[in-house]
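User: Please take a close look at one place where two helices pack against each other, and explain it in a way that a first-year student can follow. I would also like to know how far the model can be trusted and what lies around the ligand.

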Amino acid sequence: MPHTNVLFTGATGYIGGTALYKYSASDIGHHFKNASVYALVRNPASSAAVEELNATPLVGTLDDAAAVEKLVLDNEISTIVHMADVMNEAHERALLGALAKVQTDNEKHYITIASGDSYGNVSKFGRHDPVSDLEDLYAAAAAAPPYMGRALETAIHDLAEEAGIKSYIVYAPLVYGKGLGFGNQTSVQIPAVIRGAYHHREANHSHPGDEGWSIVHVEDIADLFLKLLAATLPGGYPAKSGKAGGYYFAEAGFVSWKQLADLVAADLHMRGFVDSPQGKQFPGVPEDRSVPVQRLNTSPFYYSLVFAGLVNLHAQRGRSIGWTPKYDDKWLVEHFDTEVEPILAQNFKYGARVEVGDKDIDEAWPSDL
Ligand SMILES: NC(=O)c1ccc[n+]([C@@H]2O[C@H](COP(=O)([O-])OP(=O)(O)OC[C@H]3O[C@@H](n4cnc5c(N)ncnc54)[C@H](OP(=O)(O)O)[C@@H]3O)[C@@H](O)[C@H]2O)c1
């Protein structure tokens, strides 16, 4: 059996950390006996934790394309699992460009992460019914209004095809659950709503109605990355790649913004942290976004992108490679306390303000979002 060297990015993060932990778990480790995993970390202090998870740390940053190329070539990487950041074209190009230069008899594979909003109404995809990952999404992206996320995803498949690399994009909607990695263990959207509710004694949602996002538990999205990795190894499931099917939605359920605020309100009211057991709409929205921006510790653009609107995905393609999510929306409702406890353990402290890319996002993106 040929041996495959695999590079993980994002191993100190919420999703990538969970994937690395699950990769190392003894019950699935045997799937990867002909693979060695290398993990890119920015801080050398993370190296010991990576080694404990049966992976080899490589210290570096995706911001240095020449250094990325060197470490990919030096370690004869033929598969990359990129879970570090979405919507960063320079990073995707650096990784794909480096993989293209590797001399190997192995097939080359590139598995990367994107955000579910590419197929939501906030990016003007223009659908309210569930979008399936079995649809021709390459053609649908070309027919839809221009949107940075979709354009980048199309470019990834195009660049990979030109370089003879098989490409797979995993779409993350709202990810929840406690991460299993050694670094960041908490997500973005639900923790922000919980923190905002605690600090303002009121759980809030954006518009009334049934808009919301598809959801996936962090362990399930990690499993999808690992199923795809296993599929790419010799003897694995045949997994569709590239333009003609390299689209994998990580979805198992849906939560509306109102339902989420009600869940937060009910839990925090029971703990005495909010005044009402029911969620309320943010004052001023949609015209004035200043209150949610302050309460969620975010920017107007990011509020509109990930705390409002509809992302309604239907995951079907992952089933063809044996992906069966273990958690769903019913589980989330019944175990909502498990979302609150890690944030309570952090004393509801706000994290860093979330930004997208290296520009001021309100300038870099359409103002009418
Ligand atoms: N969580 C969600 O619900 C969700 C949903 C949709 C999309 N996403 C997106 O998916 C990506 C991963 O999500 P996450 O929740 O796992 O994020 P996270 O916990 O913030 O982790 C990000 C990871 O990327 C690494 N990283 C960032 N910039 C890097 C660079 N220039 N060079 C090398 N490594 C770099 C970080 O390393 P350090 O530890 O060194 O910072 C960390 O390991 C993010 O872009 C996120 O926006 C997340």
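Analyst: This is a predicted model, so it helps to begin with the predictor's confidence, which is expressed as pLDDT, a score from 0 to 100. The protein chain has a mean pLDDT of 93, and 96% of its residues reach 70 or more. Residues 357-369 call for caution, since pLDDT stays under 50 there, although the model has 18 contacts beyond four places in sequence for this stretch.

Now to the pair of helices. Two packed helices are described by the angle between their axes and the distance between the axes. For helix α4, which covers residues 65-74, and helix α5, which covers residues 89-101, the axes come within 9 Å and cross at roughly 40°. The crossing in which α4 passes α5 is right-handed. On the α4 side, the contact is formed by A65, V68, E69, V72 and L73, while α5 contributes A94, L95, G97, A98, L99 and K101. Sorted by class, this contact of α4 with α5 holds eight nonpolar residues, one polar residue and two charged ones.

Turning to the ligand, the model places 28 residues around it, and the closest of them are T12, G13, L62, A84 and V175. At least two residues of this shell come from each of α1 (14-24), β5 (108-115) and β8 (174-176), and α1 gives the most, with three residues. By class, the shell around the ligand divides into 13 nonpolar, 12 polar and three charged residues.

Methods: Residues numbered from 1 in each chain as written. Predicted model: local features only at pLDDT ≥ 70, side-chain atom pairs only at ≥ 80, totals over all residues. Axes fitted to C-alpha atoms, helices over the stretch in contact; angles between N-to-C directions. Helix = DSSP H or I, 4+ residues; strand = E, 2+ residues; numbered from the N terminus. Left-handed = near helix turned anticlockwise from the far one by under 90°. Contact = placed C-beta atoms within 7 Å. Nonpolar A, V, L, I, M, F, W, Y, C, P; charged D, E, K, R; others polar. Near = placed C-beta within 6 Å.
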